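Colleague: I would like a close look at one part of this model, the charged pairs. Please set them in the context of the whole chain.

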Amino acid sequence: MRGGHAAGLLAALFLLLTVVAASLAIGARQFSLGEVWHGLFDPHAPAYTVVRETRLPRTLLGLLAGIGLGLAGGVMQALTRNPLADPGLLGINAGASAAIVSAITFLGITSVTGYVWFAFAGAGAVSALVWAVGGGRAATPARLALAGAAVNAALYAYVSAVELLDTASLDAMRFWTVGSLATARSSTVTGVAPFIAAGVLLTAVLARPLNALALGDDAARALGARPGGTRVAAIVAVTILCGAATAACGPIVFVGLMVPHLVRALVGLDLRRLLPYCAVLAPVTLLGADVLGRVLGRPAEIQVGIVTMVAGGPVFLAVVRRGRAVGA
């Protein structure tokens with residue numbers, strides 16, 4: 001069993017490497033793998049400016065954001081015991097978005113390192129609000145989903161209103177609010193990386209306690225876990241991961257929903273197996289969507305947030321329909 005798990009993870013890593021190569025090679029101007037290699041390491045190569053200074057930061061940001069969204073989705077679904085739980089569907093991305101749009105419009109902050117803290121504050125506040133409105137410790141999956149949908153709608157209405165009222169800030173927010181990797185810079189990657197790394201470490205620590213929590217609070221205590229502390233730590237992990245990813249590239253939906261579902265079908269419910277797969281396959285999904293947007297939109301491109309929304313909608317409907325069939 002362990003050999004099969006290791007082989008599957010290696011296959012997933014190979015798939016990730018393939019998508020990374022495609023992300024570096026494909027765009028308005030397409031390069032061969034040899035040109036990409038020289039463009040990465042030879043400052044005098046014709047492809048150096050495009051590959052090293054534009055596509056490499058974009059690809060690295062896609063890796064980091066994908067890891068953050070995939071792990072956040074896996075932790076969120078385990079915490080709420082809700083297969084439809086997703087940082088976007090529960091309003092956490094909307095909270096980060098509303099806070100960042102406010103920072104851009106009212107405070108004039110335009111850098112990732114400047115407004116990442118606003119993203120954390122917005123994501124954290126909405127996490128607490130949805131948890132409280134959903135019933136706190138007595139929350140059910142349905143109540144959490146309804147609370148998240150209500151908060152999500154209200155916050156995105158606020159974001160739209162601010163954009164309409166402040167046309168000067170509209171350009172700064174235009175690409176960000178649909179979810180995009182196109183504006184990635186090296187400073188964006190270095191600003192986000194420490195937060196994603198902290199979130200990854202925290203989710204690694206949480207895998208075993210969350211497994212125990214799935215058995216119920218009493219069983220979790222008998223196994224040495226602390227249910228209250230585990231829930232708080234899980235919400236902190238989701239807030240860090242979603243806040244950093246949303247601050248860097250805007251609200252990208254469905255990645256945190258689709259990937260854990262796929263992984264759960266492959267490896268089961270054990271988070272010690274599920275989370276590593278999510279950390280590999282979520283960047284595959286996000287970068288694959290980004291590359292697809294470049295191909296379909298040539299000579300321009302379709303932003304990755306639009307691609308994931310169009311692709312994720314049918315998957316979400318299929319998940320809901322399957323859940324109804326199982327319930328029936």
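Modeller: The salt bridges come after a short account of the whole, and a few other local features follow.

This is a predicted model, in which local features need pLDDT of at least 70 and side-chain atom pairs count only at pLDDT 80 or more, while totals for chains, interfaces and linings use all residues. Residues are numbered from 1 along each chain as its sequence is written, and side-chain values use heavy atoms, with hydrogens and water left out.

The protein has 13 helices and 0 strands; helices (H or I, at least four residues) and strands (E, at least two) are DSSP runs, numbered from the N terminus. Of the 328 residues, 49% are buried, where buried means under 20% relative accessible area, exposed over 50%, and partly exposed in between (1.4 Å probe, protein chains only). Among contacts with a separation of 6 or more, 74% are between residues 24 or more positions apart; a contact means heavy atoms within 4.5 Å.

The average pLDDT, the predictor's confidence in each residue from 0 to 100, is 83, and 90% of the residues score at least 70. Among the elements, helix α12 (residues 271-296) has the highest mean pLDDT, 93, and helix α7 (residues 167-178) the lowest, 66. Over residues 324-328 pLDDT stays under 50, and the model has 0 contacts beyond four places in sequence for them.

Now the charged pairs. The structure holds 4 salt bridges, each a side-chain nitrogen of Lys or Arg within 4 Å of a carboxyl oxygen of Asp or Glu. One of them pairs R58 with E301, with 2.4 Å between the closest N and O atoms. This pair links distant parts of the chain, 243 residues apart: R58 is in helix α3 (residues 48-80), and E301 is in the loop between α12 and α13 (304-327). R58 is buried because its relative accessible area is 8%, while E301, at 28%, is partly exposed.

Another salt bridge joins R294 and D290, at 2.8 Å from N to O. These two residues are 4 apart in helix α12, so about one helical turn separates them. Both R294 and D290 are buried. Salt bridges with shared partners join R58, D290, R294 and E301 into one network.

R272 and D270 also form a salt bridge, their closest N and O atoms being 3.0 Å apart. R272 is partly exposed, with a relative accessible area of 43%, and D270 is partly exposed at 21%.

Two backbone points and one helix are worth a look as well. F254 has a positive phi of about 80 degrees although it is not a glycine. F254 sits in the loop between α10 (227-249) and α11 (255-267), and its relative accessible area of 11% is why F254 counts as buried. G135, which follows α5, also has a positive phi, near 115 degrees. Helix α5 (residues 112-133) has 22 residues and reaches 30 Å from its first C-alpha to its last, close to the 32 Å expected at 1.5 Å a residue; the expected span is 1.5 Å times one less than the number of residues. Buried residues in α5 include V112, Y115, F120 and V130.
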